[in-house]
Amino acid sequence: MAEAHQAVAFQFTITPEGIDLRLSYQALSQIYLSGLRSWKKRISRMRNRVIKGVYPASPSSWLFVVIAILATMYMRSDPSMGLIAKIQEHLPVSSLSLSVQGQTMLSVLVFSTLLWLSLILTLRFCLKLLLSYHRWMFEQHGHISTTTKVWVTLVRLLSGRKPLLYSYQTSLPCLPVPPIKDTLERYLESVRPLLSDPGFQRMTVLAAQFENSLGNRLQRYLKLKALWATNYVSDWWEEYIYLRGRGPIMVNSNYYGMDFLYVTPTPIQAARAGNTITALLLYRRKVNSEQLTPSRVPGTVIPLCAAQCERMFNTTRTPGEETDVLQHWQDSEFVTVYHRGRYFRLWVYKAGRLLSPREIEYQIQRILDDPSPPGPGEDRLGALTAGDRVPWCAVRKQYFSSGVNKRSLDCIERAAFFVTLDDEEQGMMGEDPVGNLDRYAKSLLHGKCYDRWFDKSFSVVVYKNGKNGLNAEHSWADAPTVAHLWEFTLATDAFQLGYTEDGHCKGEVERSLPPPQRLTWDIPVEVQEQVSISLSVAQALADDVDCHVFPFRDFGKGRIKKLKISPDAFIQLALQLAYYRDRKTFCLTYEASMTRLFREGRTETVRSCSNEGCAFVKAVESGEGPEHCRRLFRLAAEKHQNLYRLAMTGSGIDRHLFCLYVVSKYLGVESPFLTEVLSEPWRLSTSQTPVQQLELFDMKNHPDFISLGGGFGPVADDGYGVSYIIVGEDMINYHVSCKHSFSETDSHRFGAQISRALLDLLSVLTPAKTENSQAQDKKQQ
């Protein structure tokens, strides 16, 4: 909109009488207001930089230090021990032309400022030391040591009252490099239940050879990187695991998030899109102004790294020949909308003002009512982002680097985010709610393979019946960051913005809003041919994915906690039991754990298939006695919790071995041990989506507003991908995926095995009631 106004803000013509200048004051006014918004954002960023720069102190504390120094000097005492006089001696008195009193005052200000900065650095160092303490995580619930109690008090004192989103960043510790001996011991322990005796003996020899020869050399390089870099894992993890992948990112990397399970706030597609877009932009405003409350470890005062929020909006992944690149822009005043094969640029600000939800609904309805057909090759253009990366890079470089195609592609890539107005209806509905829920998941995971822009940081999908969801690109952030955004969006949409009685967005509409701008393309035959090739690759991948989504309602977190067991450990052991029953064997199991206790931390692997867990599963399947099974379960659950804690606190296995492998490649040396370790398939890949903002949802008054969570595609061709979200006290939602092409996996069958395993675990852990206790229950009834 600003570009259009700049074009007509003033016009001039040369006449015989001179220059005839005509001004559009309305256009100039809008340009002025838009510029004013931009300057306000710059000032806000400068202010936030100052506040973050002095954290955990505050800018006002400088004045307190100055007054304290002046007060002590007024009492004929020198708190600087002669430093103020030294500063005064070195002041350029001749150029300043100050009196003796003025020179003294200036010296006091300089000393106070230096003292204040020294105190800030000291406080920050102390906070960093405190946040490096992780022993609290290994203490039993209800048995907190005195050391931990004192530590919590000190953390509270140094954390400040109102930290900004990024206030803790410089105080977070760096991820430590674990001793190579510990990592190798933990690795060998993790693969013991998966290998035969000769196989385990061979791996033990390989590990010992690696440690005694190449391992220590690689470790020294890794420690050097850890001293220099903020995080010794994250940059390599982003590049080599995500950006260097040359296959499709659709299904293989991207993941999805779903709408409410039972409720659709409005059946009107344009209205739902209006509130959803508004809620996302309100979240972006909070991120930009850093007014978003920093995330913490649930139930504690321990902050988590917020670095992943920086590239949430105005970000896209652009293809390259060898590696992709993440591009991020500081701001964007528009979103890109896809509907029935056409792309539109929708401005969401007018003269520096965010459009109201009703105005965005009005604009979305204009797109829905637009009868124009897609241009030649336009409708399936998004398939380029769903196929292989190298062909997309070649086509982008040759046909989208100039002219109308570049301008339109820039509109997509520079947009705040991407919106798809889907012409299908989705959700748990109709005569086949189970099947429809599975189709809903597949639609969000890959859609039609051309109606999403998979390169964008995230794409919002709004369906014809008002259901919504999102598809997120994985390289810039992990699922908990996107889940936090989506929780805020759903809660703001349903409980804060709301709808009128007839289902429309609230607010007024300024009818003079210019219509959304249709993007134009010039798609030659060569590009259309590559679009067809990419689409066939993506379609084959999408058709192969088998998804099953189901809510488990028999019991939930509340019942598990009454047994004094970690819900996550309970669920993971149920997955081990389910997989053993499904495939008659155990497998290498991946559970994602976050390392955001450290600066720029992302994830670490919890190897959930342990010796203790396998012993418990075998005991259950062989019909061992209940007491024996309960004892083995307690050991397995405690082992799993300990593995999770080690992963969170920087003592995991896989990221360390991955970085050692990267160093070996840089040095041009081969390691048989590392090559074998990193080629092992994860046939059971699992992840929990945590509910992070319980305060946004009122489960007592609105129990139907339950989130379905999200899911992802299978990591191994012959394995399962399992995502789960613990909702409230009485429900666990599961997302199971696998591939049709492998005949021995079936998502519905495995889902049934999970449900059965959960019920069997509960029956094993619940002691049978005696006759006396049953009689007492009857009396109470």
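In this predicted model, Ala592 sits across from Thr605 of strand β16. The pair belongs to a stretch where β15, covering residues 589-594, runs antiparallel to β16 and is tied to it by five bridges.

Zooming out, β15 and β16 are part of an open sheet of six strands, laid out as β14-β20-β19-β17-β15-β16, with mixed pairing. The edges go to β14 (545-552) and β16 (603-607); each has a single partner strand, so one side of each is left with no neighbour in the sheet. Going from one strand to the next, the twist averages 20°. Helix α24, spanning residues 747-765, packs on this sheet. The helix touches β14, along with β17 (684-688), β19 (720-727) and β20 (731-739), and its direction makes about 30° with that of β14.

Then there are the cysteines. A disulfide is a covalent bond between the sulfur atoms of two cysteines. The structure has zero of them, and two residues help show why, given that a pair counts as a disulfide when the sulfur atoms lie within 2.5 Å. For Cys174, the closest cysteine sulfur belongs to Cys305 and is 11 Å away, too far for a bond. Cys449 is in a similar spot: its closest cysteine sulfur, in Cys547, is 12 Å away, which is again too far for a bond.

As for surroundings, Cys174 is partly exposed, because its relative accessible area is 35%, a value between the 20% and 50% cut-offs. Cys449, on the other hand, has 0% relative accessibility and therefore counts as buried.

Note on methods. Residues are numbered from 1 along each chain as its sequence is written. This is a predicted model: local features need pLDDT of at least 70, side-chain atom pairs count only at pLDDT 80 or more; totals for chains, interfaces and linings use all residues. Side-chain values use heavy atoms; hydrogens and water are left out. Two strands pair if DSSP finds at least two bridges between them. Helices (H or I, at least four residues) and strands (E, at least two) are DSSP runs, numbered from the N terminus. Axes are lines fitted to C-alpha atoms, for helices over the stretch in contact, and angles run from 0 to 180 degrees between N-to-C directions. Contact means heavy atoms within 4.5 Å. Buried means under 20% relative accessible area, exposed over 50%, partly exposed in between (1.4 Å probe, protein chains only).
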